[in-house]
Amino acid sequence: MKLFYIAFAGVLYLASFVGDAFAQADHTLTIQLKDGPVVIQLMPDVAPKHVAQIEALAKKGAYDNVAFHRVIDGFMAQTGDVQYGNMSKGYDPSLAGTGGSDLPNIPAEFSKTPFVRGTIGMARAQDPDSANSQFFIMFADGSFLNGQYTVVGKVVSGMENVDKIKRGEGQNGEVSEPDRMVKVTAGK
């Protein structure tokens with residue numbers, strides 16, 4: 001009988017991992033780029049409010065056709081300005097990067113999750129509680145961002161497509177005729 005209980009406990013333990021894997025699979029973001037798809041595993045356990053906002057914006061199509069307005073080689077590619085960055089509706093390169101969405105800003109959800117190649121972080125202004133819709137994808141490790149910006153996910157496939165995003169010029173990485181997120185979907 002003791003062997004039965006040990007086996008049953010083992011099955012329950014394994015089932016908890018499988019359940020977690022299936023729950024996480026629901027929290028994906030797929031970004032179609034000109035060179036192919038990028039799949040991001042969102043992390044609701046790390047930043048639940050930020051993930052919920054990103055998913056809500058993706059589900060209503062707010063991220064479709066939004067420019068990568070700031071891209072710095074060896075650092076990151078920033079996008080997500082749904083207010084001024086939509087290249088098919090009112091794109092304004094002079095304002096891209098200053099807007100957000102019609103949803104409220106989100107309080108910071110800093111964590112111990114490090115900024116490494118493929119990490120997705122939320123962009124914000126000087127105020128740590130000013131993140132809204134913009135996010136960035138890391139080209140390389142950026143430990144200086146740890147604990148300063150909210151991590152919301154990581155690229156699980158398609159990083160080679162991220163590497164092909166058009167780079168910007170100068171220290172600020174402003175991009176003329178930028179690449180865009182063609183289509184963004186949340187979930188399965």
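Trainee: Two strands pair if DSSP finds at least two bridges between them, so how many bridges join β4 to β5?
Mentor: Three, and β4 and β5 (residues 76-79) run antiparallel. Strands are DSSP runs of E, at least two residues, and helices are runs of H or I, at least four, numbered from the N terminus. This is a predicted model, where local features need pLDDT of at least 70, side-chain atom pairs count only at pLDDT 80 or more, and totals for chains, interfaces and linings use all residues. Residues are numbered from 1 along each chain as its sequence is written, and side-chain values use heavy atoms, leaving out hydrogens and water.

Trainee: Which residue is Val71's bridge partner in β5?
Mentor: Ala77.

Trainee: OK, what's the strand order in the open sheet?
Mentor: The eight strands go β4-β5-β7-β6-β8-β2-β1-β10, with antiparallel pairing. β4 (70-72) and β10 (183-186) are the edges, each pairing on one side only.

Trainee: Which strands does helix α2 lie across?
Mentor: Helix α2 (residues 48-59) lies across β1 (28-33), β2 (36-42), β6 (119-122), β8 (151-157) and β10. Contact here means heavy atoms within 4.5 Å.

Trainee: Switching to Thr119 in β6: buried or exposed?
Mentor: Thr119 is buried, because its relative accessibility is 4%; the cut-offs are under 20% for buried, over 50% for exposed and partly exposed in between, with a 1.4 Å probe and protein chains only.

Trainee: And which backbone oxygen lies 2.9 Å from a polar atom of its side chain?
Mentor: That of Val116. The Thr119 side chain also reaches the backbone oxygen of Pro114, at 3.4 Å.

Definitions and conventions:
Two strands pair if DSSP finds at least two bridges between them. Axes are lines fitted to C-alpha atoms, for helices over the stretch in contact, and angles run from 0 to 180 degrees between N-to-C directions. A polar contact is a pair of N or O atoms within 3.5 Å; within protein, one must be able to donate a hydrogen and the other to accept it, and residues adjacent in sequence count only if both atoms are side-chain atoms.
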